[in-house]
Structures are given as structure tokens and as C-alpha cells.
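Hi,

Here is the structure I promised to pass on. Have a look at it first, and then read my notes underneath.

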Amino acid sequence: MIAPQSLPDEIPMTPEIKTLAVLGAGTMGHGIAGQAARFGCTVVLNDIDEARVQKGLDAVRATFRTAVDKGKMTSDEAAASLDRLRGEVSVEAAVASADLVVEAVPEQMPLKRALFERVEAAAPAHALLGTNTSSLSITEIASATKTPARVVGLHFFNPVAVMPLLEIVRGEHTSDAVVAAARAFGERIQKTCIVVRDSPGFATSRLGIALGNEAMRMFEEGVASAEDIDKAMVLGYRHPIGPLALTDLVGLDVRLAISEHLHRELGTDTFRPPQVLRRMVRAGKLGKKTGEGFYKY
Ligand SMILES: NC(=O)c1ccc[n+]([C@@H]2O[C@H](COP(=O)([O-])OP(=O)(O)OC[C@H]3O[C@@H](n4cnc5c(N)ncnc54)[C@H](O)[C@@H]3O)[C@@H](O)[C@H]2O)c1
């Protein structure tokens, strides 16, 4: 007889997440590691080489320094948080005693699936396996493992120390206990959680791209200037930043990739990437990071 896949109830759950492994020490990984260390977790930060691990640890130190300078954290709290954080180049060693693994490596399905296979083999049986993907299917990532019930989307926002939301994404097989443990963890590290079913773009990216694409089409049609389109949302709808300025901040290439993915998955014209977006990406105008997008920097 073929052994059935682990069902949700068969997974022994930790009552509390104390030790975290974060895979990928880039923009998101260092932010997640810093936030968890700050609110009491022991954290191991992993990347593919020592230089990248160190860069991630340095970025956490810089975040804490800013928090101390702004009076949001004492220097004793910063020092205690840093004591709870260490770097590790081996994935297997990083996850060996984790209660929760958060994967934050580049947005490529084959890369994430291969990593989850390795993580499942090396992490404790009770560990939750989280992914910070902003658009890929949790169910598809989970299907690289034998225990999809413990795989969950943990979608944080950039910069992690500042943005209050954690979008918890429930895959087809994610257990209720795993969603509850993920929520408890999110609240412990001071995030407000929403729970979303695994569907393209979840709640955040789907609505964000819909608004951004329409703003770009309006810009293309000459409805108004970039500044005025953004002001419409900032002053008329109380958005903290306009859709075009946000596109510049996130990166036009990143937004194009997500838009193409949503268009493929959902089929509606809302997600067809605007021509102006394609043109600007081809011209290397990727937003703030290249000095020019809808605005000049
Ligand atoms: N940047 C954002 O605003 C944002 C927001 C929410 C979610 N995300 C998602 O978070 C994930 C990471 O994005 P990012 O912006 O932090 O990317 P990034 O490029 O800044 O960092 C990714 C890091 O992963 C490392 N890495 C690559 N392969 C690895 C492996 N096998 N093991 C360990 N580390 C590995 C890279 O060296 C790099 O340091 C992506 O899935 C992205 O879609 C990004």
C-alpha cells in the first residue's frame, strides 16, 4: 500500500515559534530576520555565500541603528536583538533546529521548489515551512514536499520593519493548525495578519497591479500627468503614495513580471501589461533604482 501523504492532524505542532531560519538574506530576508529577532525569536539568516550572509546581517544592523536614532528602540534592545541573530551559509544547518523556516529567495518557481525539497529533508518534522513569494502558487511550491500541510505563504512587505501587514496565504493543503501558528507568529512580531486563499496575486498584488496598470494606461492616454494621477489617489483616496510613484519604488521590471504572471493566470485585460510599461522596461527605465521611471530621481 502506498503511504498516504501526511494529513494536517498528523503534523506535531509547536505551541510557539521560538527559532526561525530565514533563507535568502536580500531585501526581504534581512527585514524578516531583523523583525523576528527584535521581537524575541532566535534567528538564523542564510544565503548562498558568506559575503551575502554578511551583507544581510549588516543590513539588519543598519535597520536597528535607524530605529535607535529615531527613538523607536533602545540601544540595549538593539544589542539583545543582535545577540539572537546569526548567519549560516549551509541551508541544512540553518534549518536544523527551526520551528519556522521562511524562504525569501528570488521569485522563481524551480528555485523555490528545489529549496523546499532540501528544507523538508533537513528541518524538524514540526517546523512550519513558509514562503515569502509575492505571486507564485503556494500549492505548487508545497507539492515539492511530502508534507504540504505545513507549507504556508507568509507575504511580508518592504520595508518589513515599517509595513504593518502580513498576508498569510493558505495553500490547498495548508492545515488550520499551521495557519493559526503562522498568525500567532505574525502577531508576536507586531504584524496585522490577513488570511487569503491561494490564488494568483493573493489580495495585495492583485489589487495593487490592477490599480497600477490602469494608472499607466491613463498616463499613456494623456488623461493627466504622472504627478496629477498620483495626487488623485493620495489626496482623493488617502493612499500614502500614488500608483505611479509606487511602481517606480517597486521597480518597473518587477511590476511587469507580476503583471504578465497575473495576465497568464487570470486572463482578464486588467492585467495585460500596458505598452508604456514594456517600453520603459526595454529602455532600462526601471524606476528609482535606475534613476528614472515615471519620475526622475
Ligand atoms: N522586494 C520586495 O518588495 C518584495 C516584497 C514582498 C515579497 N517579495 C518576495 O520575496 C522574495 C525575495 O525577494 P527579495 O526582493 O528579497 O530578493 P533579493 O534579490 O533582494 O534577495 C534574494 C536573496 O536570495 C539569495 N538566494 C538565492 N538563491 C538562494 C538559495 N538557494 N538559498 C539561499 N539564498 C538564496 C540571493 O543571493 C539574494 O541575496 C521573492 O519571492 C519576492 O517575490 C519581495
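Below is what I found, going from the overall layout to single residues.

One thing to keep in mind throughout: this is a predicted model.

**Layout**

The chain is divided into domain 1, residues 8–197, and domain 2, residues 204–287. Taken over C-alpha atoms, the centres of the two domains are 29 Å apart. Where they meet, domain 1 gives four residues to the contact and domain 2 gives four residues as well. On the domain 1 side, those residues are three polar and one charged, with no nonpolar ones.

**Cores**

The largest nonpolar core has 56 residues, and the members that touch the most others are Leu20, Val22, Val43 and Val101. If you click on Val101, and skip residues up to four places away in sequence, you should find it touching Ala21, Leu23, Val95, Val119, Ala123, Ala127, Leu129 and Gly130. There is also a second, separate core of 16 residues, with Met216, Val250, Val281 and Phe294 among them.

**Around the ligand**

Which residues come nearest to the ligand? Out of the 24 around it, they are Gly24, Gly26, Met28, Glu107 and Asn158. By type, the shell splits into 11 nonpolar, 10 polar and three charged residues. Helix 1 (residues 27–38) supplies the largest share of that shell, with three residues.

**Helix 1**

That helix deserves a look of its own. Of its 12 residues, 11 are buried, so helix 1 is largely enclosed by the rest of the structure. The buried ones are Met28, Gly29, His30, Gly31, Ile32, Ala33, Gly34, Gln35, Ala36, Ala37 and Arg38. They pack against strand 1 (19–23), strand 2 (42–46), helix 2 (50–69), helix 3, strand 3 (85–88) and strand 4 (100–103). The length checks out too: at 1.5 Å a residue, helix 1 should span 16 Å, and its end C-alpha atoms are 17 Å apart, which agrees. Just after the helix, Gly40 has a positive phi of about 100°.

Within helix 1, try Gly31. Is Gly31 buried or exposed? With 26 other C-beta atoms within 10 Å, Gly31 is buried, since the cut-off for buried is 20 or more. Leaving out residues up to four places away in sequence, Gly31 touches Phe156, Asn158, Pro159, Val160 and Ala161. Its C-alpha atom is 9.8 Å from that of Leu57, which is 26 residues away along the chain.

Two of those contacts, Asn158 and Pro159, are joined by a cis peptide bond, with omega near -5°. Pro159 sits in the loop between strand 6 (151–155) and strand 7 (165–170).

**Helix 8**

Over in domain 2, which covers 204–287, have a look at helix 8, residues 204–220. Its 17 residues should span 24 Å at 1.5 Å a residue, and the end C-alpha atoms are 24 Å apart, which agrees. The buried residues here are Ser205, Arg206, Ile209, Gly212, Asn213, Ala215, Met216 and Phe219. Their packing partners are helix 9 (226–236), helix 10 (243–250), helix 11 (252–266) and helix 12 (275–282). Met216 is also one of the residues in the second core. After helix 8 comes Gly222, with a positive phi near 75°.

**Backbone oddities and an exposed spot**

Most residues other than glycine have a negative phi, and most peptide bonds are trans. Besides the cis bond from Asn158 to Pro159, two residues are worth flagging against that background. Gln190 is not a glycine, yet its phi is positive, at about 70°. You will find Gln190 in the loop between helix 7 (176–188) and strand 8 (192–197), and it is exposed, with 12 other C-beta atoms within 10 Å. Arg238, again a residue other than glycine, has a positive phi near 60°. Arg238 lies in the loop between helix 9 and helix 10 and is exposed, with 7 other C-beta atoms within 10 Å.

Finally, Asp83 is in helix 3, residues 75–83. Asp83 counts as exposed because it has 10 C-beta neighbours inside 10 Å. Its C-alpha atom and that of Glu220 are separated by 51 Å, with the two positions 137 residues apart along the chain.

Cheers

Technical notes. Residues are numbered from 1 along each chain as its sequence is written. This is a predicted model: local features need pLDDT of at least 70, side-chain atom pairs count only at pLDDT 80 or more; totals for chains, interfaces and linings use all residues. A residue is near a molecule or strand if its C-beta atom, placed from the backbone, lies within 6 Å of it. Helices (H or I, at least four residues) and strands (E, at least two) are DSSP runs, numbered from the N terminus. Ala, Val, Leu, Ile, Met, Phe, Trp, Tyr, Cys and Pro count as nonpolar, Asp, Glu, Lys and Arg as charged, and the others, Gly among them, as polar. A nonpolar core is a set of buried Ala, Val, Leu, Ile, Met, Phe, Trp, Tyr and Cys residues joined through C-beta atoms within 7 Å. Two residues are in contact if their C-beta atoms, placed from the backbone, lie within 7 Å. Domain bounds come from an automatic or database domain assignment. The expected span of a helix is 1.5 Å times one less than its number of residues.
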